[in-house]
Amino acid sequence: MKVVLRSVLLLPKQPFLRSATVSVLGSSPVCKPEFPRSAASTSTVSGSKVKVSEIEQTQLGFLNSSKTDIFLRLQTSVQPSGLSPRDIYRINLPLRLKASRDGVGLVQETIQTKENTPMSINKPDDSFREMRNRFLRFKKEKYLVNLECYKELAQAQAPKFLVISCADSRVCPSYILGFQPGEAFIIRNVANFVPPFENGPCETNAALEFSVNDLQVENILVTGHSCCGGIRALMSMDDEEKSSSFIKNWIKVGKAAKSTTKATASNLSFDQQCKHCEKESINNSLMNLLTYPWVKERVAKGLLSLHGGYYDFVDCTYEKWTLDYLKNIQKQETGGYAIKNREFWS
């Protein structure tokens with residue numbers, strides 16, 4: 001950081017410019033007044049030559065705080081002819097002291113600003129400041145108001161719903177469907193897919209196993225949404241493409257839904273095909289749920305129901321339906337999905 005102070009000292013028939021530069025190097029500020037040098041580097045007084053170039057260098061030190069040492073260095077170089085060194089010192093003294101005072105003030109201001117202003121890396125993010133305010137409102141208006149409920153939840157959870165939703169930031173199921181703490185166990189992944197049992201272990205079916213076998217949820221809701229990026233990527237991807245991408249390898253779970261869409265909606269535009277596939281993949285995930293032995297067993301006993309849902313956030317509508325297990329057993333040979341209790345919320 002550099003701050004330049006300039007002042008003009010007028011001598012008889014000899015104006016010259018004096019400039020003071022304050023620089024902060026690390027934690028040690030230095031003040032260096034500089035003078036332009038004239039062609040003559042010597043002066044003759046009483047028959048003798050007196051060298052006046054760089055006649056003196058003054059270093060002043062003071063302690064700004066208990067932890068900060070500040071050194072102020074004044075370096076002058078003037079060549080007014082016909083003056084003795086004593087005259088030069090007497091003439092320059094007021095200016096040198098003023099530069100010292102100004103320099104010290106600037107250094108003090110710089111250090112004070114440096115000490116009081118946090119580095120940019122430490123500045124609190126506005127997003128987290130707002131998040132903090134939301135949390136404190138939640139604590140005041142919800143947590144403390146329903147303290148007994150939260151104390152019970154601290155002991156155990158017994159949700160009635162397992163919700164499998166997309167990880168898309170626009171479709172938070174608790175926000176859209178109004179789930180309160182303890183009401184729904186939620187799994188979120190790209191495109192709200194449920195892989196078939198034979199695909200092996202993954203995060204999604206690990207949470208599925210826990211919620212069905214340990215929490216014994218009564219309903220599984222697979223909910224998709226409009227403008228799904230995962231489905232769009234699925235519809236755009238070459239089926240034979242081999243890739244090390246985690247996303248591409250994951251969305252292959254929806255290949256059956258893509259094939260069905262291509263077979264039944266090939267005459268539609270690409271956007272319409274994507275919307276068709278968004279709903280088709282929900283039913284495909286419901287059928288994949290039945291490949292898990294412990295899910296199928298509970299569904300067969302009537303202890304567990306499988307539901308599909310589709311949220312269109314363009315016009316804020318929600319479509320809900322239930323998989324008809326018995327009819328699906330009858331239709332296994334012919335394929336397709338049997339659903340019941342279709343509802344449209346708008």
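A residue is called buried when its relative accessible area is under 20%. By that cut-off Tyr-292, at 2%, is buried. The model on screen is a predicted one, and the tour starts at this tyrosine.

**Stop 1: Tyr-292 and Phe-197**

Select Tyr-292 together with Phe-197. Their rings make an edge-to-face aromatic pair, with 5.4 Å from centre to centre and 85° between the planes. Phe-197 belongs to the loop between S9 and H5, and Tyr-292 to the loop between helix H9 (270-289) and H10, so the pair ties together parts 95 residues apart in sequence. Unlike the buried Tyr-292, Phe-197 is partly exposed, with a relative accessible area of 41%.

Stay in the loop that holds Phe-197 and select Asn-192, which is placed between strand S9 (184-189) and helix H5 (203-214). Asn-192 is not a glycine, yet its phi is positive, at about 45°. Most residues other than glycine have a negative phi. Asn-192 counts as buried because its relative accessibility is 2%.

**Stop 2: Trp-294**

Now select Trp-294, in helix H10 (residues 293-300). Which residues does Trp-294 contact, leaving aside its neighbours within four places in sequence? They are Asn-205, Leu-208, Glu-209, Val-212 and Asn-213. For a distance to display, take the C-alpha atoms of Trp-294 and Asn-213: they are 7.5 Å apart, although 81 residues separate the two along the chain.

**Stop 3: the nonpolar cores**

Select Leu-208, Ile-220, Leu-289, Val-295 and Leu-306. In the largest nonpolar core, which has 26 residues, these five touch the most other members. At least two residues of this core come from each of strand S8 (161-166), S9, H5, strand S10 (219-225), H9, H10, S11 and S12. Centre the view on Leu-289 and show its surroundings. Not counting residues up to four places away in sequence, Leu-289 touches Ile-164, Val-194, Leu-208, Ile-220, Val-222, Val-295 and Leu-306.

A second core, separate from the one around Leu-289, has 17 residues; Cys-228, Val-253, Cys-277 and Tyr-318 are among them. Tyr-318 leads to the next stop.

**Stop 4: strand S12 and its partners**

Select residues 317-323, which form strand S12. Are the residues of this strand buried or exposed? All 7 of its 7 residues are buried. Thr-317, Glu-319, Trp-321 and Leu-323 make up one side, and Tyr-318, Lys-320 and Thr-322 the other; both faces are covered.

Add strand S11 (residues 305-312), which pairs with S12 in the antiparallel sense over 6 bridges. One bridge to pick out is that of Asp-312 with Thr-317. S11 and S12 form a hairpin with 4 residues between them, and in the turn Cys-316 has a positive phi of about 55°.

Then add strand S13 (residues 339-345), which runs antiparallel to S12 and is joined to S12 by 5 bridges. Here Tyr-318 has Trp-345 as its bridge partner. Within S13, select Asn-341. Asn-341 also has a positive phi, about 55°, without being a glycine. Asn-341 counts as partly exposed because its relative accessibility is 47%.

**Stop 5: charges over rings**

Keep S12 in view and show the side chains of Trp-321 and Arg-342. The charged end of Arg-342 sits over the ring of Trp-321, 5.3 Å from the ring centre. Next, show Lys-279 and Tyr-310. Lys-279 lies over the face of Tyr-310, at 5.0 Å from the centre of the ring.

**Stop 6: the aromatic cluster**

Altogether the structure holds 10 aromatic pairs. Select Phe-138 and Tyr-150 for an edge-to-face pair, at 6.0 Å centre to centre and 85° between the planes. Phe-138 is in helix H2 (residues 126-143) and Tyr-150 in helix H3 (residues 147-155), so the pair ties together parts 12 residues apart in sequence. Tyr-150 counts as buried, at 17% relative accessibility, whereas Phe-138 is partly exposed, with a relative accessible area of 30%. Add Phe-135 and Tyr-143 to complete the selection: Phe-135, Phe-138, Tyr-143 and Tyr-150 form one aromatic cluster.

**Stop 7: cysteines**

Finish with Cys-149 and Cys-172. Cys-149 is partly exposed, with a relative accessible area of 39%; Cys-172 is also partly exposed, at 30%. How many disulfides does a search of the whole structure find? The search finds 0.

Definitions and conventions:
Residues are numbered from 1 along each chain as its sequence is written. This is a predicted model: local features need pLDDT of at least 70, side-chain atom pairs count only at pLDDT 80 or more; totals for chains, interfaces and linings use all residues. Side-chain values use heavy atoms; hydrogens and water are left out. Buried means under 20% relative accessible area, exposed over 50%, partly exposed in between (1.4 Å probe, protein chains only). Two strands pair if DSSP finds at least two bridges between them. Contact means heavy atoms within 4.5 Å. A disulfide is a pair of cysteine sulfur atoms within 2.5 Å. Rings of Phe, Tyr and Trp (its six-membered ring) pair if their centres lie within 6.5 Å; planes under 30 degrees apart count as stacked, over 60 as edge-to-face and the rest as tilted. A charge sits over a ring if NZ of Lys or CZ of Arg is within 6 Å of the ring centre and within 35 degrees of the ring normal. A nonpolar core is a set of buried Ala, Val, Leu, Ile, Met, Phe, Trp, Tyr and Cys residues joined through side-chain atoms within 4.5 Å.
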